[in-house]
Amino acid sequence: MDRRDPPETAEGWYVLHDFRTVDWDAWREAPVRRRERALEEGREYLAAAERVADADEGDSATAAVLGHEADLLLVHLRPSLEELNALERRFEHTALAAFTERTDSYVAVTEASGYGGARGYFEDEGEVDDGMKRYIESRLYPEIPDADYVSFYPMDKRRDPEYNWYDLPFEERAEHMSSHGEIGKGYAGRVSQIIAGSVGLDDHEWGVTLFADDPTDIKDLIYEMRFDPSSSRFAEFGRFRLARRFDPARLGAFFAGEALSEAASEGGSPESAGHPGAGTGDHPHGVEGGDPHAGASSGHPHDESTGDHPHGDSGGGRPHGDADDDGDVRSELEELGVYAGQPHGEDVHAVVLYSAADPDELFAEVDGLRTNFDHYDSHVKTAVYEPSETRSVSESRTGDAREPSEVTRDDAETAVVSLWETERAADTAAGFLADLPDVVRQAGDDGDDSWGTMGMFYAVKPEHRADFVGTFEDVGEALEGMDGHRKTDLLVNREDENDTFIASRWDSREDAMAFFRSDEFAETVEYGRDVLAERPRHVFLA
């Protein structure tokens, strides 16, 4: 008898969905003083939960449930069941609890599984890059997304005689999940999710929590996925419940029947409209998390599914250097008269990935993501940069004919650069960008054996573009003879030939600094004052 191989799983935080109804008759009949006390203690409890005052890590959210089955939904994530249990019992000690009754609850634990590209995370001798590790950890230890609406439902995998998920071979299950996850990618920027496993913990196998600012995005996503075999043949769903998030400070508005998104808070002081962080545009809400009834490509070199999840996946992560080292480098360059900007692109945060995919195909994928990114105020730009082709440069700086030459190395990759106003937004965007085809590396994940600099925002004056490329060639020839130099590439925005950046890699920081102190670099900086539309800003990647 054949026994199917289950994917290995990793568990993170425990999750409690606590559904409560309000005894409205008792509320209306209660004395004003008793109601005021209930509101005060309720606000204190909910605010403390969302601050995670009771634990070292976790998250919480409060929402008003639509429909007849409940009035309030409290969502809690905590590292242990003991902390989760103490938190739910603590609510019963508030005066507010006397006016509520629990009508339903769901207990589960966030989960990542070892399908596809995530296998190395679970194997003793497996190798997993930093981007994949951050992605998996973002699923195990998620932040509750800043979105107005929450939809929760439990689900199972079907075990019918005709369609039995658990009788399928491992490879076939992984293929189903990858196909299913492709649908979820289309909702990046509109729908996020937290997936938790509940086998042995509750009545179903998984609990799915979706988040969106527009509830019709949730509807459209679920509807489209119903036509995918992973759902139509192999999935069974429990009751769906929809709720509207609100700030605990608006608890009085909830009981008064007022709009929860009203900006004015109780007591006359300003408060967040609806929930903390609403409308700030701090990060693109993407399709995050994972569960064993679907999947999506990780976007890592082998383009395999990273785990089971119904609506696509995304992880966090962005190039991180040593902040102290970056500061020292910038100070040293400033002493040399070289402007080096601020970390991560001055007032923006940069995510840079390199891909071996066909540039046209890569651009089409990026353009789709960019359309979703543009919904968020914190998105600055996302663009594809291709290796420079110097055969298009026909004249030298003096106007003389120049023979075509190879400025960019043969091993230069196409780069995708995404700029955001906040670190959190960049972290979230990095997860979606990691799903792009044939990603070979993310800037900053090259290991400890080299040191990289990246000059960004080289905006060239159109009339001096040929001059700029020619100067880069001259500098490139000088670099070839410098100790510790590994590679330097000039890449050009495929939508704007005057928008470029130069990526370099060195054996060590000291080797790079030797170049910055050289006469060749000083001459280049001086020359750039004439040909650049604005001063360049630099990102250093350790």
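1. A good place to start is R102, which is partly exposed at 34% relative accessibility; here buried means under 20% relative accessible area, exposed over 50%, and partly exposed in between, with a 1.4 Å probe and protein chains only. Please keep in mind that this is a predicted model, in which local features need pLDDT of at least 70, side-chain atom pairs count only at pLDDT 80 or more, and totals for chains, interfaces and linings use all residues. Residues are numbered from 1 along each chain as its sequence is written, and side-chain values use heavy atoms, with hydrogens and water left out.

2. The side chain of R102 forms a salt bridge with that of D18 (3.0 Å, N to O); the term stands for a side-chain nitrogen of Lys or Arg within 4 Å of a carboxyl oxygen of Asp or Glu. R102 sits in strand β4 (residues 100–113) and D18 in strand β1, 84 residues apart. Strands (E, at least two residues) and helices (H or I, at least four) are DSSP runs, numbered from the N terminus. D18, at 2% relative accessibility, is buried. Both residues belong to a network of salt bridges that links D18, R20, E88, E92 and R102.

3. Across the whole structure, a search finds 24 salt bridges. Another one to look at joins the side chains of R239 and E69 (3.2 Å, N to O). R239 lies in the loop between β8 (235–237) and β9 (241–245), and E69 in the loop between β2 (59–65) and β3, 170 residues apart. R239 is partly exposed at 45%, and E69 is partly exposed at 26%.

4. R244 and D148 also meet through their side chains in a salt bridge (3.8 Å, N to O). R244 is in strand β9 and D148 in the loop between α5 (130–140) and β5 (149–157), so this pair ties together parts that are 96 residues apart in sequence. R244 is buried, with a relative accessible area of 14%, and D148 is buried at 16%.

5. Now for the interior. The largest nonpolar core has 23 residues, of which F246, L251, F254 and F255 touch the most other members; such a core is a set of buried Ala, Val, Leu, Ile, Met, Phe, Trp, Tyr and Cys residues joined through side-chain atoms within 4.5 Å. At least two residues each come from α2 (32–51), β3 (72–78), α3 (81–91) and α9 (251–256). The largest share, 5 residues, is from α2. Apart from this core lies another, of 21 residues, among them L369, A429, A430 and F432.

6. Finally, have a look at R3, in the segment before β1 (9–22). R3 is exposed, with a relative accessible area of 69%. R3 and D167 are 164 residues apart in sequence and 8.4 Å apart in space, C-alpha to C-alpha.
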